[in-house]
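Reader: Hey, I'm new to this one. Can you walk me through it?

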Amino acid sequence: MGENVAIVGVGHTKFGVRNDVNMPELAWEAIKQALLDAGLEQKDIEYVVVSNAGGWSSEPLPAVVIAEYSGLAPKGTVRVEAACASGSAAVKLAHDIVASGHVDIAMAVGIEKMNESPTPTVVEFIGRAGNYFWEFHNFGLTFPGYYALYATAYMSKYGATEEDLCKVAVKSHYYGARNPKAQFQKEITVEKCMASRYIAWPLKLFDCSPITDGATAVIVANEKVAKQLTDTPVWIAGIGHATGTSNLSKRTTFTSLEAGTLAAELAYKKAGIDMDDPTKVIDVAEVHDCFTIAEILAYEDLRFAKRGEGVKLVREEQTYIGGKIPVNLSGGLKAKGHPIGATGEGMIAELTNQLKNRVEKDRQAPIKNGYALAHNIGGTGHYAYITILSLSKPRG
Amino acid sequence: MSEDKKTQKDMMEEQMKQFYSFVESMKKSMGLPMVPDMKTGQALWVDQREVTLKFIISIDKIKEFFNALADGKLLGTKCKECGEVFFPPQKDCPKCIDSEVEWIELSKEGTLLTFTQINVKPYSFAHYDDYIVGIARLPEGVNVTAWIREKDPSKLKIGMKLKLEIVKREPENYYTYEWVPIE
Ligand SMILES: [Zn+2]
């Protein structure tokens, strides 16, 4: 198990079209915030894990470019890729390096500059994020298309409707409107969502997360350092990870993400959370709503609802503040934005702030048990990383 | 596809052409590929280098699959030791590590598991009309992803029977396979 690891500083830039800054400038905004938050200097950071999917952006070695610009060099660095879950993978590696006793303090930096390429190029690259040769090359699936395959199956099996999906988007935009860092800060209605055009039938424009630029940073430290730095360390209580098949044709179900389900079980086990009803303990969650259907699948994969009943949580508005479990109070990927490689640290930064009671008042979850969960999926259930944070120290 | 109808690719290319001619005019006046962001006026540098991605992929171990397509057959592979059937075909069985994997001909009939219609297409597919992609299960227990020959997704139903046809993909002119609804 290794040493206890705590989050001691987080940074999160404004998400959106960030044509005002280049890649290292954008990353620096998040790194600077995280350093100031932790009360640390660059020399204190012993290792930097950079998450970036890339392809659409100009710098092929972002870790090095960022380390130079931010004064983190000559400390060691690496770039990791787990598609849209790259950020949580980076936090996991930073965690492991500290937990192993190899270093005292490490940083995960997420960066994505998707607007360096025109939209058709970005759609092309994300569509290739699955199995290129067998599924993209001949059949031109897109990222919305992959999730639409799940939406069609879920709607057919459980009677969910396009209106139900739109209700997820309405919630995302409701909280996005209250988050100054969100890409979309305007509320929408079910009618507006229903009137939007199809992107990949049955998913419409308002079912989809946008193309986003953004950077995020999370600094982790061992117990000794964490206690010197802060009175309220946010502990990493458990991380679960799993991998799904690259070919969607090899999946055994299209009404849940097997990797997400498995990663959840592992994370709950590690954190010692009762799997029968995790909502009893978890105060707030960020789930991977790259598409509205993905949020509903997440409710079920995380056991917030029984199979087929995730859509009921939506209809009953149980995932707003005051409901069974508040989810995506940041606006989620859907409204806060989805800068692929920066999304994971973004979720973890948001939840750290939620646990510390320091987000905007009208989107602050009531913190009762001190547990929060980040559910971060890469590709279409290709990668799954689930990180559980806690205000109470995990062991010892 | 009718002659007068613009494809998504035509529209994408028109937009890019307009943008790049604007860049050229800015270059002429300033000597730099510097343009203002249309919404915010923020300064943008437009890359003066361009690269084309076109991969060359090794298929020697599974070339029988492609040769059989040209003969109208759909092949999978089967591990001689554990009996697992693979599609897409692969010549290694990860379960048995050191077993022999043989070619088998697969049935060309399936049951529809799920489907979608791609309305906003990737650039390299933007010259096609909206297409429907489905995943269907063969009696051999493996699933096959392919286009479905149908224009209206509301006419399809999960659980319906489909047959697989080996077809030439146009305008690229190469063999692939396609699901066809059975009336
Ligand atoms: Zn075998």
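**Salt bridges first**

Author: Let's begin with B:Glu14, which is partly exposed because its relative accessibility is 40%. Keep in mind that this is a predicted model.

Reader: Ok, which residue does B:Glu14 form a salt bridge with?

Author: That would be B:Lys6, and the closest N and O atoms are 3.4 Å apart. B:Lys6 counts as partly exposed too, at 47% relative accessibility.

Reader: How many salt bridges does the structure hold over all chains?

Author: There are 30 over all chains. As background, side chains of opposite charge can pair when their charged atoms come close.

Reader: Show me another one. What does B:Glu100 pair with?

Author: The side chain of B:Glu100 meets that of B:Lys80 in a salt bridge, 3.2 Å from N to O. B:Glu100 sits in the loop between strand 4 (85-86) and strand 5 (101-105) of chain B, while B:Lys80 sits in the loop between strand 3 (75-79) and strand 4, so the pair ties together parts that are 20 residues apart in sequence.

Reader: And is B:Glu100 buried or exposed?

Author: Exposed, with a relative accessibility of 53%.

Reader: What about B:Glu84, which residue is its partner?

Author: B:Glu84 forms a salt bridge with B:Lys95, and their closest N and O atoms are 2.3 Å apart. B:Glu84 is in the loop between strand 3 and strand 4 of chain B and B:Lys95 is in the loop between strand 4 and strand 5, so this pair links parts that are eleven residues apart in sequence. B:Glu84 is partly exposed at 26% relative accessible area, whereas B:Lys95 is exposed at 61%.

Reader: Which residues are linked in a network of salt bridges?

Author: B:Arg149, B:Lys163, B:Glu165 and B:Glu178 are linked that way.

Reader: Switching topic: what's going on between helix 3 and helix 14 of chain A?

Author: Helix 3 (residues 86-99) and helix 14 (residues 343-355) of chain A have axes that come within 5 Å and cross at roughly 70°. The two helices are therefore roughly perpendicular to each other.

Reader: Which residues meet there?

Author: From helix 3 of chain A you have A:Gly87, A:Ser88, A:Ala90 and A:Val91, and they meet A:Gly344, A:Glu345 and A:Ile348 in helix 14 of chain A.

Reader: Now the odd backbone spots. Where is there a cis peptide bond in chain A?

Author: One joins A:Ala73 and A:Pro74, with omega at about 10°. A:Pro74 lies in the loop between helix 2 (62-70) and strand 3 (76-80) of chain A. In chain B, a cis peptide bond joins B:Phe87 and B:Pro88, with omega at about -5°. B:Pro88 belongs to the loop between strand 4 and strand 5 of chain B.

Reader: What's the deal with phi at A:Asn328?

Author: A:Asn328 isn't a glycine, yet its phi is positive, at about 55°. You'll find A:Asn328 in the loop between helix 12 (310-315) and helix 13 (332-335) of chain A. A:Asn328 is buried, because its relative accessible area is 0%.

Reader: And B:Ile97, what's its phi?

Author: Positive again, about 60°, and B:Ile97 is not a glycine either. B:Ile97 is in the loop between strand 4 and strand 5 of chain B, and it counts as exposed at 74% relative accessibility.

Reader: Last thing: which residues form a nonpolar patch on the surface?

Author: B:Met30, B:Leu32, B:Met34 and B:Trp45 do, with about 390 Å² of accessible area together. B:Trp45 lies in strand 2 (residues 43-45) of chain B and counts as exposed, at 57% relative accessibility.

Methods: Residues are numbered from 1 along each chain as its sequence is written. Chains are lettered from A and ligands numbered from 1 in the order in which they are written. This is a predicted model: local features need pLDDT of at least 70, side-chain atom pairs count only at pLDDT 80 or more; totals for chains, interfaces and linings use all residues. Side-chain values use heavy atoms; hydrogens and water are left out. Patches are made of residues with over 30% relative accessible area and no salt bridge: like charges are joined within 9 Å, nonpolar side chains (Val, Leu, Ile, Met, Phe, Trp, Tyr) within 5 Å. Accessible areas come from the Shrake-Rupley method with a 1.4 Å probe; for residues, only the protein chains shown count as cover. A salt bridge is a side-chain nitrogen of Lys or Arg within 4 Å of a carboxyl oxygen of Asp or Glu. Helices (H or I, at least four residues) and strands (E, at least two) are DSSP runs, numbered from the N terminus. Buried means under 20% relative accessible area, exposed over 50%, partly exposed in between (1.4 Å probe, protein chains only). Axes are lines fitted to C-alpha atoms, for helices over the stretch in contact, and angles run from 0 to 180 degrees between N-to-C directions. Angles under 35 degrees count as roughly parallel, over 145 as roughly antiparallel, 65 to 115 as roughly perpendicular and the rest as oblique. Contact means heavy atoms within 4.5 Å.
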